[in-house]
Amino acid sequence: CAMDKKARSKPMAEILSRLSDTLFEIVFFGDALLLHSPVSEWPIVDVLIAFYSSGYPLDKAIQYADLRKPFVLNDLQMQHTLKDRRKVYDLLEEAGIDVPTHVYMSRDGYVSTGTGAGTNPKESELVEHDDHIELNGVVMNKPFVEKPIDADDHNIAIYYPTSAGGGCKKLFRKVGDRSSEFYPDINEVRRDGSYIYEEFVETQGTDVKMYTVGPDYGHAEARKSPTVDGKVERNSDGKEIRFPVILTLREKEIARRIVLVFKQLVCGFDLLRVQEGDSLVSYVCDVNGWSFVKKNQKYYDDCAQILSEHMLAAVNPAELRGFSAIDPLLTSMEDDGNNNTYNDNTIKKKSAKQTLIQRAVNMLQMDPPPVSRSDSDNNLDTPTGISRSDSNFMPDDIDMSLPVRDIPGKLAQQPASRVTSTSNSTTDETTTAPSSDLLVTPNNTAVQSRSTTEYDTDNDTTPTPTSSNNEKTNNAPTQMELRCVIAIIRHGDLTPKQKRK
């Protein structure tokens, strides 16, 4: 349920072609139906992939979802919110996500719930000076960015101070090999509508494009920022040159929160990375809603797999079998009591909802993840479905009390279960326990890791050896982060060609 230009695009075709023909039937609504037919005549479907683009009748799509009650991958009401950049910034701030320092010039009466209202909203008249503006009690020095509140309007301007020669750089959607142009004679801001004025964030010439599929999957690419010289760097195939990016723990948490807060399973947003002191701080400057990675086969495979599991979990959970992409690391296998073989009935799906951070913390500390078991064995064999009335099955009680920048940059420097047990004896002053490390706990709060003495036995009073080699072993930090899980499956009765396939 999208405009044909998007629904029949190459990335969408790549993803849809990877969905199982035996489990899914793809129905394209088409532009003519969307624009000219009443929602009562639209096809009845179980799962609705609907997202806004230019000319899309979003209100009609909302009416259809209310009428037919399908499972909706990307919340439609929230797509209205994404169309106003002020509402996006306010929600990001509520979620504890950093955004550039900003202030709103709202000529339509919008009341901000965040810092965009400024320190004195009554001073709503914009006063312009050579090198700064004053608005809502806030002084915004040049260089600053001027953004239209309408997310569909990509005519963004950057104003420079006189010390840098003045002038204005106008950003726009890529046209050929250009994405911005500099105008040395333009120094005054626009007065014809509502705008966001924000601090220009210096990123050393790059910005990061992030693409999510659910709260626990993200793909990130860096590109040359359009603020550099406006020239788009392309490869021999005509595609914009981008570079893969390894995300920090905080950036992964940003992606998770954006998916949950905006209720957009497939989502894209822009990150601005800035080095502040010893830490890397990431600001979100835009949330785009439904976005695809282009010409990336691995992304297409992953996206199709994750979407398949989300859709099956909502409408046909009995078809969910084996290892899960939407709930990795939460599958346990038990033998049948007679031998070491396993079957489908021994794969138990756990209902505990854990984030990527929580699962990684458990694995780093070698703690078993929590298991929730049903009283009935029959219930264990049948995955639990998700209510279709809960369109995105996103939790309502998302803990955003801890700002993302306050989350420790690393999970643990010394996983508690990997540190040699220390002595309970107080007679030897050299056998003190190593200092605790900050961890991210399942409720996203910073706490100290458990003391290694928890694992000491009551009778163990042997002092820890104090040789230099042992000191190096105990004190050297072990920095680990779960990157991937690799499964090697051997089919002994297949030919080499079949195995490779």
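In this predicted model, Phe144, Tyr159, Tyr195 and Tyr197 are brought together into a cluster by ring pairs. Across the whole structure, the aromatic pairs number 11. One of them is formed by Tyr299 and Tyr300, whose ring centres lie 6.1 Å apart with planes at 65°, so this pair is edge-to-face. An angle over 60 degrees is what places a pair in that class. Tyr299 and Tyr300 are also alike in their surroundings, as both are buried.

Charged side chains offer a second way into the structure. The count of salt bridges comes to 24. Three of these pairs are described here one by one, beginning with Glu128 and Arg191. The closest N and O atoms of Glu128 and Arg191 are 3.2 Å apart, and the two side chains form a salt bridge. This contact links distant parts of the chain, since Glu128 belongs to strand β4 (residues 127-128) while Arg191 sits in the loop between β10 (178-183) and β11 (195-199), 63 residues apart. Glu128 has a relative accessible area of 23% and is therefore partly exposed. Arg191 is partly exposed as well, with a value of 43%.

The second pair joins Arg242 to Glu221, with 3.3 Å between the closest N and O atoms. Here too, distant parts of the chain are linked: Glu221 is in strand β13 and Arg242 is in the loop between β13 (218-224) and β14 (243-244), 21 residues apart. The two partners fall into separate accessibility classes. Glu221 is buried because its relative accessibility is 10%, a value under the 20% cut-off. Arg242, at 24%, counts as partly exposed. Glu221 and Arg242 also take part in a wider arrangement, a network of salt bridges that includes Lys174, Asp207, Arg223 and Glu240.

In the third pair, the side chains of Glu276 and Arg405 meet in a salt bridge with an N to O distance of 3.7 Å. Glu276 lies in strand β15 (residues 266-276) and Arg405 in the loop between α10 (377-381) and β19 (438-440), so this salt bridge ties together parts that are 129 residues apart in sequence. Both ends are partly exposed: Glu276 has a relative accessible area of 30%, and Arg405 has a relative accessibility of 36%.

Charge can also be followed on the surface. Lys5, Lys6, Arg173 and Lys294 gather there in a patch of positive charge. Of these residues, Lys5 can be placed in helix α1, which covers residues 4-7. With a relative accessibility of 72%, Lys5 counts as exposed, because the cut-off for that class is over 50%.

Another meeting of separate parts of the chain can be seen in the backbone. The C-alpha atoms of Arg107 and Ser194 are 5.3 Å apart, although 87 residues separate Arg107 and Ser194 along the chain. Arg107 is located in the loop between β3 (102-105) and β4. Its relative accessible area of 38% makes Arg107 partly exposed.

A few details of backbone geometry complete the picture. As background, most peptide bonds are trans, and most residues other than glycine have a negative phi. Lys142 and Pro143 are joined by a cis peptide bond, with omega at about 5°. The position of Pro143 is in the loop between β6 (138-141) and β7 (144-148).

Asn136 and Lys263 are each worth a look for their phi angles. Asn136 is not a glycine, yet its phi is positive, at about 55°. The loop between β5 (132-135) and β6 holds Asn136. Because its relative accessibility is 6%, Asn136 counts as buried. Lys263, likewise not a glycine, has a positive phi of about 55°. Lys263 is found in the loop between α7 (249-262) and β15. In contrast to the buried Asn136, Lys263 is partly exposed, with a relative accessible area of 31%.

Definitions and conventions
Residues numbered from 1 in each chain as written. Predicted model: local features only at pLDDT ≥ 70, side-chain atom pairs only at ≥ 80, totals over all residues. Heavy atoms only, no water. Patch = residues over 30% accessible without salt bridge, like charges linked within 9 Å, V, L, I, M, F, W, Y side chains within 5 Å. Areas by Shrake-Rupley, 256 points an atom, 1.4 Å probe, with all protein chains shown as cover. Salt bridge = Lys/Arg side-chain N within 4 Å of Asp/Glu carboxyl O. Lys, Arg positive; Asp, Glu negative; His and termini not counted. Charge placed at Lys NZ, Arg CZ, Asp CG, Glu CD. Helix = DSSP H or I, 4+ residues; strand = E, 2+ residues; numbered from the N terminus. Buried < 20%, exposed > 50% of the residue type's maximum accessible area, 1.4 Å probe, protein only. Phe/Tyr/Trp six-rings, centres within 6.5 Å; stacked < 30°, edge-to-face > 60°.
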